[in-house]
Structures are given as structure tokens and as C-alpha cells.
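Hi everyone, thanks for coming along. Please have a look at the sequence and the model on the screen, and then we will walk through them together.

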Amino acid sequence: MNFKIIEDGKEIVCDIVLTFRDENNNINYIVYTDGTKDENDELEIYASRYKLVENSYVLEEIENDYEWDLIDNMLKSKYKEIGN
């Protein structure tokens, strides 16, 4: 599944890697990629909070280490389940 973001006036198509809701803080998270690769030829992965505002999803920055650790653990769990 994919979605589009607008960055610097340019439309970018992104693929969703993972979405989940943290029940401890009642926040939704999305992990996604725009298909670019880093200097090691590895896929760039991004993460944001997201919420629905007036029938559109709005991405917000991750605010703290708890959230980054949560996202990291969810990704590890997902890839362990699929055997990667």
C-alpha cells in the first residue's frame, strides 16, 4: 500500500512498511519508505506519528526516545515474524 506526501512542493509516493497504535499513549505510528537508498545501498526508512484531520492524514514528528524505541521494537518484531 502506498500514499503521497508533499515535500518542498514536490509530490513523493511512499510505501507503507508498518502502521500501529500504541495503547499506552494512544498515538498512531507509520513507518514508510520513499524508495531511496543510503550510501550503503540500504533502503531509507522513515517513521512518523499520524492522525486524521478533516478527512486527511497528517504526519507529525516523533518526539522522544520512548517512541523511537517503540518503533524499533515493532519493526524487529515484524521482521522476526516473517523470518527476515
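I will talk about the sheet, then its strand S3, and then one residue in that strand.

A quick word on where the values come from. This is a predicted model, where local features need pLDDT of at least 70 and side-chain atom pairs count only at pLDDT 80 or more, while totals for chains, interfaces and linings use all residues. Residues are numbered from 1 along each chain as its sequence is written, and side-chain values use heavy atoms, leaving out hydrogens and water.

So, in what order do the strands of the sheet come? There are 5 strands in an open sheet, in the order S1-S2-S3-S4-S5, with antiparallel pairing. Strands here are DSSP runs of E with at least two residues, numbered from the N terminus, and two of them pair if DSSP finds at least two bridges between them. At the edges stand S1 (2-7) and S5 (56-60); each has a single partner strand, so one side of each is left without a neighbour in the sheet. On average, neighbouring strands are turned by 50 degrees against each other, direction ignored, using lines fitted to C-alpha atoms, with angles on a scale from 0 to 180 degrees between N-to-C directions.

Now find S3. Strand S2 (residues 10-22) pairs with S3 over 7 bridges, and S3 (residues 27-33) pairs with S4 (residues 46-53) over 5 bridges. Tyr29 is a nice residue to click on: Phe20 has Tyr29 as its bridge partner in S3, and Tyr29 has Arg49 as its bridge partner in S4. Between S2 and S3, the hairpin has 4 residues, and Asn26 takes a positive phi near 55 degrees there.

Is S3 enclosed or open? With 6 of its 7 residues buried, S3 is largely enclosed by the rest of the structure; buried means under 20% relative accessible area, with a 1.4 Å probe and protein chains only.

Finally, meet Thr33, which sits in S3. Thr33 counts as buried because its relative accessibility is 6%. Leaving out residues up to four places away in sequence, Thr33 touches several residues, including Val13, Cys14, Leu43 and Tyr46, where contact means heavy atoms within 4.5 Å. The Thr33 side chain also reaches the backbone oxygen of Glu44 at 2.6 Å, and a polar atom of that side chain lies 3.1 Å from the backbone nitrogen of Gly35.

Conventions. Buried means under 20% relative accessible area, exposed over 50%, partly exposed in between (1.4 Å probe, protein chains only). A polar contact is a pair of N or O atoms within 3.5 Å; within protein, one must be able to donate a hydrogen and the other to accept it, and residues adjacent in sequence count only if both atoms are side-chain atoms.
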